[in-house]
Amino acid sequence: SQKHKYNKYNDWDTITDWASKMASEHSDLVRLIDIGNTYEGRPMTVLRVGQSNAEGPAIFMDCGIHAREWISPAFCQWFVRELVSGYSKNEEIKKLLTNLTFYILPVLNIDGYVYTWTEDRMWRKNRSPAEDSDCFGTDLNRNFNVSWCDIGSSDEPCTEIYCGKSAQSEEETKNVANFILSHLKSIKAYISIHAFSQMILYPYSYTYELAPNSKELGEISKGAISELSSLYKTKYVYGPSASTIYPTSGSSDDWAYSQGIQYSFTFELRDTGKRGFLLPESQIRATCKETTLAIKYIANYVLSHSS
Ligand code: 0X9
Ligand code: ZN
């Protein structure tokens, strides 16, 4: 594999080696948790980052549900480094890692990600074949078991928003859902990182109704954006997913929320469409630095609002 770089896009083999290295070089802070295999048999590995072995409050964050959104896995890698390197030199990070656990899945849709490196840069879905169709791939952000295959989703396998054979029919979705369910007592926040549009979204996506704590989620988003934009003045908007971007059903954030995880967010990182999914590597550093500020804001909020 290639040499791992934080300001470049890394292929899957390089990300795998990087994860092992993080765990071996920072064994006091990082553990790898195998949550099951993808459709094509690749192991999905969550990095558990945190000081304590106790099951304190936790934040689950995933990157790369959509294969072509390369800035997303780049951010998860950046954020892990931010945590491990900040632990010894930054009081804020030290406090977070002493009191919180981060579960970080750097690439959720690994098969799709590999496919974007080898066959089709613009691939979005996973790589499982459909029944009775020559088309491949389920949109994993339509496959979760919440209002499954309803608004903003399609039962036609050849579309980009195919919901799959059934709710949580896909290995990748099942593995994530099982992991979250088995840590439901500790996971207080769920954050899903996508691109692009520069938005922070929160439930609901499958209905225009407001979520019970919608006002609080809006205030958290506003605070996170004010941190984010303090660095480079990047313009972000926020709001309930359905009305702010478009309605979707079977999405990960709505599912996490339906399981009682009250702080559920989807980030759409840079840009607003000029380069879109093909965000140049020259923007990785700034995008990751500003997004780190937003995630730290949410983490601090969650920490001070969970007992
Ligand atoms: O369509 C999607 O899944 C997301 N946009 S993307 O361009 N990254 O594919 C939007 C998701 C909005 N819905 C939820 N947050 N549930
Ligand atoms: Zn996406």
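**Strand pairing and a zinc site**

In strand 4, the residue that bridges to Leu47 is Ile104. This contact comes from a predicted model, and it belongs to the antiparallel pairing of strand 2 with strand 4 (residues 101–105), which runs over three bridges. The points below take up strand 2 and its partners, and then the zinc ion (ligand 2) with its protein donors.

**Strand 2 and its partners**

- Strand 2 spans residues 43–49 and is mostly covered, with five of its seven residues buried.
- Besides its pairing with strand 4, strand 2 also pairs with strand 1 (residues 30–37), again in the antiparallel sense and over seven bridges.
- Within the pairing of strand 1 and strand 2, Asp34 has Thr45 of strand 2 as its bridge partner.
- Strand 1 and strand 2 make up a hairpin in which five residues lie between the two strands, and Gly41, found in the turn, has a positive phi of about 95°.

**The zinc site**

- The zinc ion (ligand 2) has as its protein donors ND1 of His66, two entries for OE of Glu69, and ND1 of His194, at distances of 2.0 to 2.3 Å.
- Along the chain, the donors of this zinc ion follow the spacing H-x2-E-x124-H.
- Because Glu69 sits in the loop between strand 3 (58–63) and helix 2 (71–86), whereas His194 belongs to strand 5 (residues 187–195), this pair ties together parts that are 125 residues apart in sequence.
- Both Glu69 and His194 are buried.

Key. Residues numbered from 1 in each chain as written. Chains lettered and ligands numbered in written order. Predicted model: local features only at pLDDT ≥ 70, side-chain atom pairs only at ≥ 80, totals over all residues. Heavy atoms only, no water. Buried < 20%, exposed > 50% of the residue type's maximum accessible area, 1.4 Å probe, protein only. Helix = DSSP H or I, 4+ residues; strand = E, 2+ residues; numbered from the N terminus. Pairing = 2+ DSSP bridges. Donors = N, O, S within 2.8 Å, 3.2 Å for Na, K, Ca; no water.
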